[in-house]
Amino acid sequence: MSNLIEHEGTVIGVIAPGKLSIKIVQLSACVSCKAAKMCSAAESKEKIIEAYCDDDTITTGDEVVVYGEAALGHTAVLLAIIIPACILAITLFAVVKATGQETTGGIAALIALLLYYGILALSKKKLERKFIFKAKRKL
């Protein structure tokens, strides 16, 4: 099993020497299904990401492969889904148990989520240093 996640993309700009702006198309798992044209679950999204590259000959319009460590994907799922779900559930159940009020529990859970996402927003620079993607010329 490879410990790299790879996506093909197109360079849409050179931000700085060694740093590129790349457009990738994120496809859902069922996009290759024969019934995808009739199914509303099949979708694709264009994403613009920044990636570092050692090859100075890559220019706008070149096809590249963007890659990152698989552990980054696991960390992203943890930060975006698992931790918020745990905060929501724990806060909701604890406040409802303490007060007997479901409305108060719901409001407290939402406030806890707002605080969590606020902390994530304040940690943006640190997260940007951790989530690094690299690019190489497509062979």
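Helices are DSSP runs of H or I of at least four residues and strands are runs of E of at least two, both numbered from the N terminus.

**Entry 1: the chain**

I'm working from a predicted model, where local features need pLDDT of at least 70 and side-chain atom pairs count only at pLDDT 80 or more, while totals for chains, interfaces and linings use all residues. My residue numbers start from 1 along each chain as its sequence is written, and side-chain values use heavy atoms, with hydrogens and water left out.

I went through the elements and found three helices and five strands in the protein chain. From the N terminus, I read them off as β-β-β-β-α-α-α-β. I noted 139 residues, of which 22% count as buried (under 20% relative accessible area, 1.4 Å probe, protein chains only). For contacts (heavy atoms within 4.5 Å) between residues at least 6 apart in sequence, I got 68% joining residues at least 24 apart.

**Entry 2: α1 against α2**

How do α1 and α2 pack? I have α1 as residues 70–99 and α2 as residues 102–122, at an angle of about 150° with axes 8 Å apart. (Axes are fitted to C-alpha atoms over the stretch in contact; angles run from 0 to 180 degrees between N-to-C directions.) On the α1 side, I listed L79, A80, I83, P84, I87, L88, T91, L92, V95, V96 and T99 in the contact. From α2 I listed E102, T104, G105, G106, A108, A109, A112, L113, Y116, Y117 and L120. By class, I see 16 nonpolar, five polar and one charged residues there. (Nonpolar is Ala, Val, Leu, Ile, Met, Phe, Trp, Tyr, Cys and Pro; charged is Asp, Glu, Lys and Arg; polar is the others, Gly among them.)

I picked I87 in α1 for a closer look. Is I87 buried or exposed? Neither: I87 is partly exposed, because its relative accessible area is 22% (the class runs from 20% to 50%). Not counting residues up to four places away in sequence, I87 touches A112, L113 and Y116. I87 and Y116 are 29 residues apart along the chain, and I have their C-alpha atoms 8.4 Å apart.

**Entry 3: the largest pocket**

I looked up the volume of the largest pocket and got about 1,000 Å³. (A pocket is an open set of 1 Å grid points where a 1.4 Å probe fits, with protein on both sides within 12 Å along at least five of seven lines; lining residues have an atom within 4 Å of a point. Volume is the space filled by probe spheres set on the points.) I count 28 lining residues, with I49, A76, F131, I132 and F133 the closest to the centre. Elements giving two or more residues to the lining are β1 (4–16), β2 (19–27), β3 (44–52), β4 (63–69), α1, α2 and α3 (124–130). Helix α1 gives the largest share, six residues. The lining has 18 nonpolar, four polar and six charged residues.

**Entry 4: two loops**

Where is G18? I found G18 in the loop between β1 and β2. Leaving aside neighbours within four places in sequence, I have G18 in contact with A51, Y52, C53 and D56. D54 is in the loop between β3 and β4, and its C-alpha is 5.7 Å from that of G18, 36 residues away along the chain. D54 counts as exposed because its relative accessibility is 80% (the cut-off is over 50%). I also checked K134, which is 116 residues from G18 in sequence but 9.7 Å away, C-alpha to C-alpha.
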